[in-house]
Amino acid sequence: MEWRWSWVWELLPQFIDATGKTLLAAGGGYLIAVVLGLVLTLAQRTPWRPVTVVVRELVEFIRSTPLLLQVFFVFYVGPQFGINLSPWTSGLIAIGVHYAAYLSEVYRGGIENVPKGQWEAATAINMSTVQTYRRLIIPQALPPAIAGMGNYLVGIFKDTPMLSVIGVAELMHTANSVGALSYRYLEPYTMVGVLFLAISLPTAFFIARFEKWVRRKMGM
Amino acid sequence: MSYIEFLQDYGGRMVDGSLITLVQFVLATVVSVLVALTFGLMRLASNPAVKGFATVYVEIFRGTSLLVQLFWIFFVLPLFGITMDKFTAGFIAVGLNMGAYGAELVRGAILAVPKGQWEAAKAINMTPAQRMRRIILPQALVIMLPPWGNLVIEILKGTALVALISVTDLMFQARQINISTFLSVQTFGTALIIYYVFARFCVTPFMRAVERRMAFKIGRA
């Protein structure tokens, strides 16, 4: 089977458009994950034990079950209770919650890396908990967490094809429908792979550069 | 329909699916370990062609989605005369993908073995193969086992994707049952719990036990 360049050029505008949607899904999901992940981390640090235990186990649950299954769960469970979520909404919720669990582990690692003396010093100069986090802990916890956060940004991008199963019209979905119409899968799937590489490799490179830059800025 | 009745009617299919998932998981893990060892060692080779090939492999498989790779292997490879049935294509794709991540763990762990160990092995006149097999790899194994614990869970989760090429695993059965009953909470909820229990109470404790056993064997516990 030979490779048809003419068809590739014909498909390209459609695929570029779908790449935009993939990036939108990844960006939206990541935004949810960054915020919700912080909530999950802080909830595990409250002094109230039942909350910490339940949230800890919830994070483990989300991390040890397949994203694909979670996507189906969010999409199909709503209608059973009369709530209809669009594919986009349920897709973003599923992928956002999934990665929130991963990011909360990254934050947790960052916070636990801050030496204990810093907490004690904050208590000694009478800082409130909010002040301690905002002015002392988070600025020190963030730089080491950047590498992990960056890895999961690339990770969420690579997991967006799973949203195609509930009909989010991103890159994989486009390739599937083009392939099904023409019975040719060589070009569409190869293009998806190449587009993914073209985005994820430079992103990973720039994240590594950014991490170095932040470390230098913070004098670490 | 109560949940008990639901389990009576559909529990059997869930169990069938779980067994397929289990087999896919074990086979994909075996493939991952082989791929990780091969490419992890190749990444450390001094020959630039060998090293370059391994780097390209790792970057391609880590830079694109598992789903894309799975579909490519299943739908596109037959065009080049490499035809696999869906079951084989499933665990091969998961194994090749996760093996690329594993290769980085292998490489990192080998580099983390103290330099003195390499020098000592050389001093007592071991061949490079002996040195790798008897001195470096056992110590690297202990270093890389904890991150492998996470990777193995990723492999388990990755096998859920084989349902999309119609391998009748747990994910596939859950989808089928959902289509015919519309009892989404029960079907997907049960499947989620099965994955969770298997990962959290079987795979993770097993990996921890292996970690302890290996650390003990080389005298670090």
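**Exercise 1. The surface and burial of chain A**

Task: State what area chain A exposes and what share of it carbon and sulfur atoms supply, and then state what percentage of its residues are buried.

Solution: Chain A of this predicted model exposes about 11100 Å², and carbon and sulfur atoms supply 67% of that area; such areas come from the Shrake-Rupley method with a 1.4 Å probe, and for residues only the protein chains shown count as cover. As a second step, turn to burial, where buried means under 20% relative accessible area, exposed means over 50%, and partly exposed lies in between, with a 1.4 Å probe and protein chains only. Of the 220 residues in chain A, 46% are buried.

Before going on, note how the model is read: residues are numbered from 1 along each chain as its sequence is written, while chains are lettered from A and ligands numbered from 1 in the order in which they are written. Because this is a predicted model, local features need pLDDT of at least 70 and side-chain atom pairs count only at pLDDT 80 or more, whereas totals for chains, interfaces and linings use all residues, and side-chain values use heavy atoms, with hydrogens and water left out.

**Exercise 2. The build of each chain**

Task: Find how many helices and strands chain A holds, and do the equivalent for chain B.

Solution: Begin with chain A, which has eight helices and zero strands, where helices (H or I, at least four residues) and strands (E, at least two) are DSSP runs numbered from the N terminus. The C-alpha atoms of chain A fill a box of roughly 70 × 50 × 20 Å along the principal axes. Continue with chain B, which likewise has eight helices and zero strands, and whose C-alpha trace spans about 75 × 45 × 20 Å along its principal axes. As a last step, consider contacts, meaning heavy atoms within 4.5 Å: among those with a separation of 6 or more, residues 24 or more positions apart account for 77% in chain A and for 73% in chain B.

**Exercise 3. Surface and interior in chain B**

Task: Describe the accessible surface of chain B, then decide whether L22(B) is buried or partly exposed and whether N97(B) is buried or exposed.

Solution: The accessible surface of chain B comes to about 10600 Å², and 67% of it belongs to carbon and sulfur atoms, while 47% of the 221 residues of chain B count as buried. On this surface, V15(B), L19(B), L22(B), V26(B), V30(B) and L34(B) form a nonpolar patch that has about 510 Å² of accessible area together. A patch is made of residues with over 30% relative accessible area and no salt bridge, with like charges joined within 9 Å and nonpolar side chains (Val, Leu, Ile, Met, Phe, Trp, Tyr) joined within 5 Å. L22(B) lies in helix α1, residues 3–42 of chain B, and L22(B) counts as partly exposed because its relative accessibility is 34%. N97(B), by contrast, sits in helix α4, residues 86–112 of chain B, and is buried, since its relative accessible area is 3%. Leaving aside residues up to four places away in sequence, N97(B) touches F61(B), T64(B), L66(B) and Q69(B).

**Exercise 4. Salt bridges within and between chains**

Task: Give the number of salt bridges over all chains, and explain why the pair R200(B) and E57(A) joins two chains.

Solution: Start from the general idea that side chains of opposite charge can pair when their charged atoms come close. A salt bridge is a side-chain nitrogen of Lys or Arg within 4 Å of a carboxyl oxygen of Asp or Glu, and the structure holds 11 of them over all chains.

1. E60(A) forms a salt bridge with R56(A), the closest N and O atoms being 2.6 Å apart. Both residues lie in helix α2, residues 49–64 of chain A, four residues apart, about one turn of the helix. E60(A) is buried, with a relative accessible area of 15%.
2. R56(A) and E60(A) also belong to a network of salt bridges that links them with E105(A), R108(A) and E112(A).
3. R200(B) pairs with E57(A) in a salt bridge whose closest N and O atoms are 2.7 Å apart. R200(B) lies in helix α8, residues 184–217 of chain B, and E57(A) in helix α2 of chain A, so the pair joins two chains. R200(B) is partly exposed at 25% relative accessibility, and E57(A) is partly exposed with a relative accessible area of 28%.
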